[in-house]
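Work through the following exercises with the structure at hand. Each one sets a task and then gives a solution in steps.

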Amino acid sequence: MVSIGIDGEAVARAARLLGEGGLVAIPTETVYGLAADATNGQAVARIFEAKGRPRFNPLICHVSSVAMAERFVDIDPLSRRLIDAFWPGPLTLVLPLKENAPVHPLVTAGLSTLALRMPRGVAAEVIAMLDRPLAAPSANTSGRISATTAQAVADDLGSKVDLILDGGPCPVGLESTIVKVDGEIISLLRPGGLAAEEIEALTGLTLKRSDQRAAIEAPGMLASHYAPRAAMRLDVRELNPGEALLAFGPSRAKGAENASHHLNLSEKSDLREAAANLFDYMKRLDATGAAIIAVEPIPHEGLGEAINDRLSRAAAPRGQTIR
Ligand code: TXA
Ligand code: MG
């Protein structure tokens with residue numbers, strides 16, 4: 001494995017490796033992706049091996065244009081409005097696969113739908129050069145915290161990938177929001193880097209949120225996920241001695257001065273800044289060796305919905321499978 005910065009040569013090298021069935025870690029605006037050619041079954045199988053990911057958990061595919069998406073899926077009018085408004089960006093749509101679409105069934109876990117998004121920046125350049133979609137889950141061992149820097153990818157998966165493109169820290173810091181349109185109903189399958197309110201403002205529709213969504217719609221949504229080694233304690237207003245503190249805003253937790261270590265997701269209570277810092281700060285506090293990471297309350301609005309989703313998965317009992 002080598003880690004290289006991003007210039008024209010790096011993009012060409014990544015596209016060439018991917019065309020040969022390689023695994024390349026690529027920066028996107030959300031998190032680093034562990035990418036392989038979505039039409040090459042052997043390459044896709046390497047993603048599952050490298051991550052230790054269960055095979056029933058389908059992967060998101062990434063395209064560089066709407067025309068490329070249309071080679072693989074049918075796009076209904078409401079999905080098209082979302083695409084027009086939010087692509088490229090942190091929004092994934094689950095869409096019906098076209099018959100004979102050359103996506104390998106490992107990508108979809110045998111479903112008749114495909115999760116698709118168009119990333120910003122260098123990822124889109126690599127896809128355009130390859131001229132095929134890339135299957136890319138987050139570049140981390142399954143169940144662990146997603147990587148938002150090239151160094152985090154190297155620490156976790158370095159020996160298992162052919163190349164890491166270093167595009168610096170990911171600006172959004174949370175995985176994409178996943179939705180599925182059914183007529184005039186938009187279901188939120190995973191809150192993420194695009195706030196649900198933005199979709200609601202565009203469409204005038206309230207997103208459908210269901211407790212059952214994980215089991216039925218997104219088969220890979222495991223309850224325990226993003227797990228640091230330390231135990232996580234959420235909505236903390238009073239710290240116990242020895243705990244590390246993940247603060248938010250003008251930190252008000254009692255006993256904060258006794259925290260073993262202290263990081264603030266956003267002193268000015270900015271949820272975008274908090275999202276961008278979340279995974280990196282969880283990792284840093286975990287690396288201190290603290291037994292417990294106490295997290296201050298995060299408002300459940302805007303990107304706070306996705307932040308709270310990731311925190312509750314990080315705090316869930318370990319080894320638990322699908323809800
Ligand atoms: O931001 C992101 O979305 C990152 C970056 C790398 O693009 N990618 C990412 O991919 O998070 P991945 O493969 O880890 O996300 C998979 C999620 C799982 O929860 C899975 O269940 C859901 O997408 N999913 C994939 N295909 C699906 C489908 N056909 N129907 C419903 N859910 C699907
Ligand atoms: Mg992931």
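**Exercise 1.** Find how far apart the C-alpha centres of domain 1 and domain 2 lie, and describe the contact between the domains.

Solution. Step 1: the chain is divided into domain 1 (2-174) and domain 2 (231-315), with bounds from an automatic or database domain assignment. The model is predicted: local features need pLDDT of at least 70, side-chain atom pairs count only at pLDDT 80 or more, and totals for chains, interfaces and linings use all residues. Residues are numbered from 1 along each chain as its sequence is written, while chains are lettered from A and ligands numbered from 1 in the order in which they are written.

Step 2: the two C-alpha centres are 29 Å apart.

Step 3: nine residues of domain 1 are in contact with eleven of domain 2 (contact: C-beta atoms, placed from the backbone, within 7 Å). On the domain 1 side, five are nonpolar, four polar and none charged (nonpolar: Ala, Val, Leu, Ile, Met, Phe, Trp, Tyr, Cys and Pro; charged: Asp, Glu, Lys and Arg; polar: the others, Gly among them).

**Exercise 2.** Locate the largest nonpolar core relative to the domains.

Solution. Step 1: a nonpolar core is a set of buried Ala, Val, Leu, Ile, Met, Phe, Trp, Tyr and Cys residues joined through C-beta atoms within 7 Å. Buried means 20 or more other C-beta atoms within 10 Å of the residue's own, exposed 12 or fewer, and partly exposed in between, with C-beta atoms placed from the backbone.

Step 2: the largest such core has 106 residues, and Val24, Ala25, Ile26 and Cys61 have the most contacts inside it. Helix α10 (residues 271-287) gives the most to this core, nine residues (helices: DSSP runs of H or I, at least four residues; strands: E, at least two; numbered from the N terminus).

Step 3: both domain 1 and domain 2 give residues to the core, so it lies between them.

**Exercise 3.** Which residues of helix α7 (residues 150-157) are buried, and how are they arranged around its axis?

Solution. Step 1: the buried residues are Ala150, Ala152, Val153, Asp156 and Leu157.

Step 2: down the axis of α7, they fall within an arc of 160°, so they line one face of the helix (the arc is that of the directions from the helix axis to the C-beta atoms).

Step 3: two of them, Val153 and Leu157, are among the residues that Ala25 touches.

How values were computed. Contact = placed C-beta atoms within 7 Å. Lists of a residue's contacts leave out its neighbours within four places in sequence.
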